[in-house]
Amino acid sequence: IQDFLQKRIPERAAALWKALQKDRDQGNGKIYDLAQIPFWLVMLARLSGTSGLPHNRAALLERFVETWLDHENNREGGHVIHDAQRQAILDSLTELAWEGLRRSQNYTFGKQEAIRILSARQKQISATSLITLGQDCSLLNLEGETLRFQHQLLQEFFAARKFALQFTARKNLRSRWRTPWRRWKF
């Protein structure tokens, strides 16, 4: 981990390594454990800076999404994303992920199906613009007429946002708990 950080981000490597050691030594270890997995280590190296380590995976993925939206907003020729649109984008991707994850893990949408789902949720940004933006921000992948999240973890992150919103709103989530393995294991 330390060697990777030194090669990848030499200017911040010492501070990030110290923060990871502190996380590990204080018994938390949640972020340190993530850093042992190359996918998460690359993300930590890219996104951890002066604001320190994220608290958990969700916070790390939230930084990832926000960073890509900021990049797209600020790059030359990028999409200008206003605050209301930013929230609409997050909410729309949350609904899309939720709908997909209800069907199966890493669900792949037909383009027209995704447009229908995205169009029904909000009016701040068109579904086709949202798909284009999602591609430009490395959140969605459109191949021909097939749309999916760029990575399964992104779909799970967005679906978890919906679950967290329902939990915060004190909705009855009893029907969401499924443990089919219990039938055969016990």
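## Leucine 20 and its surroundings

Leaving aside neighbours within four places in sequence, leucine 20 is in contact with Ile1, Leu5, Ile31, Tyr32, Ala35, Leu44 and Leu53 in this predicted model. The residue belongs to helix H2, which spans residues 13–25, and leucine 20 counts as buried because its relative accessible area is 0%, where buried means under 20%. One of the residues that leucine 20 touches is Ala35, and the C-alpha atoms of leucine 20 and alanine 35, which are 15 residues apart along the chain, are separated by 8.1 Å.

Ile1, another of the contacts of leucine 20, also serves as a reference point for isoleucine 37, since the C-alpha atoms of isoleucine 37 and isoleucine 1 are separated by 9.3 Å although the two are 36 residues apart along the chain. Isoleucine 37 lies in the loop between helix H3 (30–35) and H4, and with a relative accessibility of 39% it counts as partly exposed.

## The chain as a whole

The chain contains 10 helices and three strands, and from the N terminus on its elements follow the order α-α-α-α-α-α-β-α-α-β-β-α-α. Of the 186 residues in the chain, 38% are buried. Among the contacts with a separation of 6 or more, 50% come from residues 24 or more positions apart.

## Helix H4 against helix H5

Two packed helices are described by the angle between their axes and the distance between the axes. For helix H4 (residues 38–47) and helix H5 (residues 57–74), the axes come within 10 Å and cross at roughly 60°, and H4 is therefore oblique to H5. The crossing of these two helices, H4 and H5, is left-handed.

On the H4 side the contact is made by Trp40, Met43, Leu44, Arg46 and Leu47, while H5 contributes Arg57, Leu60, Leu61, Arg63, Phe64 and Thr67. Sorted by class, the contact of H4 with H5 consists of seven nonpolar, one polar and three charged residues. Leu44 of H4, which takes part in this contact, is also among the residues that leucine 20 of H2 touches.

## Phenylalanine 64 in helix H5

Phenylalanine 64, placed in helix H5, counts as buried because its relative accessibility is 17%, which is under the 20% cut-off. Not counting residues up to four places away in sequence, phenylalanine 64 touches Met43, Leu47, Leu139 and Leu154. Met43 and Leu47 belong to the H4 side of the contact between H4 and H5, whereas for leucine 139 the separation along the chain is 75 residues, and the C-alpha atoms of phenylalanine 64 and leucine 139 are separated by 9.7 Å.

## Helix H6 against helix H7

The axes of helix H6 (residues 83–103) and helix H7 (residues 111–119) come within 9 Å and cross at roughly 125°. Because angles of 65 to 115 degrees count as roughly perpendicular and those over 145 as roughly antiparallel, this crossing falls in neither class, and H6 and H7 are therefore oblique to each other. H6 passes H7 in a right-handed crossing.

The residues that make this contact are Ser92, Leu96, Glu99 and Arg103 of H6, together with Glu113, Ala114, Arg116, Ile117 and Leu118 of H7. By class, the contact of H6 with H7 holds four nonpolar, one polar and four charged residues.

## Serine 138 and asparagine 141

Serine 138 is placed in the loop between helix H8 (127–136) and S2, and at a relative accessibility of 25% it counts as partly exposed. Most residues other than glycine have a negative phi, and most peptide bonds are trans. Against that background, the phi of serine 138 is near 60°, a positive value in a residue other than glycine.

Asparagine 141 sits in strand S2, which covers residues 140–143, and it is buried because its relative accessible area is 15%, again under 20%. A polar contact of 3.2 Å joins the side chain of asparagine 141 to that of glutamate 143. When neighbours within four places in sequence are left aside, the contacts of asparagine 141 are with Thr146, Leu147, Arg148 and Gln150.

Definitions and conventions. Residues are numbered from 1 along each chain as its sequence is written. This is a predicted model: local features need pLDDT of at least 70, side-chain atom pairs count only at pLDDT 80 or more; totals for chains, interfaces and linings use all residues. Side-chain values use heavy atoms; hydrogens and water are left out. Helices (H or I, at least four residues) and strands (E, at least two) are DSSP runs, numbered from the N terminus. Buried means under 20% relative accessible area, exposed over 50%, partly exposed in between (1.4 Å probe, protein chains only). A polar contact is a pair of N or O atoms within 3.5 Å; within protein, one must be able to donate a hydrogen and the other to accept it, and residues adjacent in sequence count only if both atoms are side-chain atoms. Contact means heavy atoms within 4.5 Å. Axes are lines fitted to C-alpha atoms, for helices over the stretch in contact, and angles run from 0 to 180 degrees between N-to-C directions. Angles under 35 degrees count as roughly parallel, over 145 as roughly antiparallel, 65 to 115 as roughly perpendicular and the rest as oblique. A crossing is left-handed if the near helix is turned anticlockwise from the far one by less than a right angle, and right-handed if clockwise. Ala, Val, Leu, Ile, Met, Phe, Trp, Tyr, Cys and Pro count as nonpolar, Asp, Glu, Lys and Arg as charged, and the others, Gly among them, as polar.
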